[in-house]
Amino acid sequence: MPLVLAGRPTAGGRGRPPRHLADLPLAERRAVVAGLGQPPFRASQLSRHFFGRYTDQADEMSDLPRSARGPLAQALLPRLLTAERELSCDGGTTRKTLWRTFDGALVESVLMRYPDRVTMCVSSQAGCGMACPFCATGQAGLTRNLSTAEIVAQVVAGARLLADGEVPGGPGRVSNVVFMGMGEPLANYASVLGAVRRLTEPVPEGMGISQRSVTVSTVGLVPAIARLAAERLSVTLAVSLHAPDDELRDTLVPVNRRWKVPEVLAAAWDYAAATGRRVSIEYALIRDINDQAWRADLLGSLLAGRLAHVNLIPLNPTPGSKWTASRPAAQREFVRRLEAHGVPVTVRDTRGREIDGACGQLAASASARPPAPASR
Ligand code: SAH
């Protein structure tokens, strides 16, 4: 579900986003408020508006004195993301937004509503530096890291849509967040960790989503996985493996040349041991590339008996790619062989393909078109 800028970097992305309250712990928000000559409790009021009511509109904050609204909002609630395009499918329950950052970079987020949950898939970087050849974001290179608040703002925007009843199924809440949009989350460690904290701390410190409902997905940056394990959070780790052998993985996930399959898996098992959380092993099935029966057996033998779950993703071909998804029979056999090793496996649903939601070419197509009138 990588969200993508196929082929070219975005125009913008050379700046440092303005400070936003979601970048700061509540204590630091209080200090900023005090610096403006306001009583520190106004930091909690602003935070409740943002994290509890999903608004950054100062004129809606009737519990703040009129004269304070402007200066407080200006100091702590700058508009970070502007919706450039919105697309939906699945009867409106899958919605993808292309965002323009303050400096013109493009990033994407996707809201997916299921009967029992709502998942927001967020971007952690504009572009990505990991260069995986099957992933369109990887082709474009890295534009810049997103700030903590730029990540959180994607989730808050989805929460606002749900609270306003704009997603079919009645008013709802964001229950899950997956860092599976554009970017390599662990290459933007500080901002991503800040976002995890903001998303999971209770209102007014943060948004109050359960840590267990947050998934951080990585290509396998071993030192950063170890660092994340040491944070003792209950977030789920997803490792984008895509091949059980170094020879193939070196080509599919180039950072494998630095950290090999055994090291990546050892880091994953240490993460599972430290957190008690089952690690999700992501495996995009690519026809005749990584979907052979022997690779299923090798993967099964590496994962057997581990606290792991395999998430098979039918490849979403990127424009111009010579690769495509596996044949149904090969996919079935892959599943069967993993199960024969006692490894839990699911095939990921491919929601949102018709809106490029699974591997968003939205940003790329948008940059080839004149910009649409921006909305909130
Ligand atoms: N950089 C992180 C998170 C973003 S990608 C990571 O690699 O884990 C989210 C998932 O989508 C990853 O497992 C990624 O390998 C996978 N993916 C990328 N391109 C894909 C494609 N074209 N089809 C299917 N899955 C893809």
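**Figure 1. Charge distribution over the chain of the predicted model.** The chain carries 45 positive and 34 negative charges, and the mean positions of these two sets lie 3 Å apart. The accessible surface on which the chain meets its surroundings comes to about 14600 Å², and carbon and sulfur atoms account for 52% of that area.

**Figure 2. Overall dimensions and fold content of the chain.** The chain contains 12 helices and 12 strands. Its radius of gyration is 21 Å, close to the 21 Å that the globule rule gives for 376 residues, so the chain is as compact as a globular protein of that length. Taken along the principal axes, the box filled by the C-alpha atoms is roughly 70 × 45 × 40 Å. Of the 376 residues, 60% are buried, and among contacts between residues at least 6 apart in sequence, 69% join residues that are at least 24 apart.

**Figure 3. Surroundings of Cys89 and Cys128, in a structure with 0 disulfides.** The closest cysteine sulfur to that of Cys89 belongs to Cys121 and lies 13 Å away, which is too far for a bond, given that a disulfide requires a pair of cysteine sulfur atoms within 2.5 Å. Cys128 likewise takes part in no disulfide, and the nearest cysteine sulfur, that of Cys135, is 6.5 Å away. Both views show buried residues, with a relative accessible area of 9% for Cys89 and a relative accessibility of 10% for Cys128.

**Figure 4. The cis peptide bond between Val203 and Pro204.** The peptide bond that joins Val203 to Pro204 is cis, with an omega of about 10 degrees. Pro204 belongs to the loop that runs between helix α6 (189–200) and strand β8 (214–218).

**Figure 5. The positive phi of Ala131.** Although Ala131 is not a glycine, its phi is positive, at about 60 degrees. Ala131 sits in the loop between strand β5 (125–127) and helix α4 (136–140), where a relative accessible area of 39% places Ala131 in the partly exposed class.

**Figure 6. The positive phi of Arg232.** Arg232, a residue other than glycine, has a positive phi near 55 degrees. The loop in which Arg232 lies connects helix α7 (222–230) and strand β9 (236–240), and with a relative accessibility of 60% Arg232 counts as exposed.

Terms used. Residues numbered from 1 in each chain as written. Predicted model: local features only at pLDDT ≥ 70, side-chain atom pairs only at ≥ 80, totals over all residues. Heavy atoms only, no water. Buried < 20%, exposed > 50% of the residue type's maximum accessible area, 1.4 Å probe, protein only. Helix = DSSP H or I, 4+ residues; strand = E, 2+ residues; numbered from the N terminus. Rg over C-alpha atoms; globule rule 2.2 N^0.38 Å. Contact = heavy atoms within 4.5 Å. Areas by Shrake-Rupley, 256 points an atom, 1.4 Å probe, with all protein chains shown as cover. Lys, Arg positive; Asp, Glu negative; His and termini not counted. Charge placed at Lys NZ, Arg CZ, Asp CG, Glu CD.
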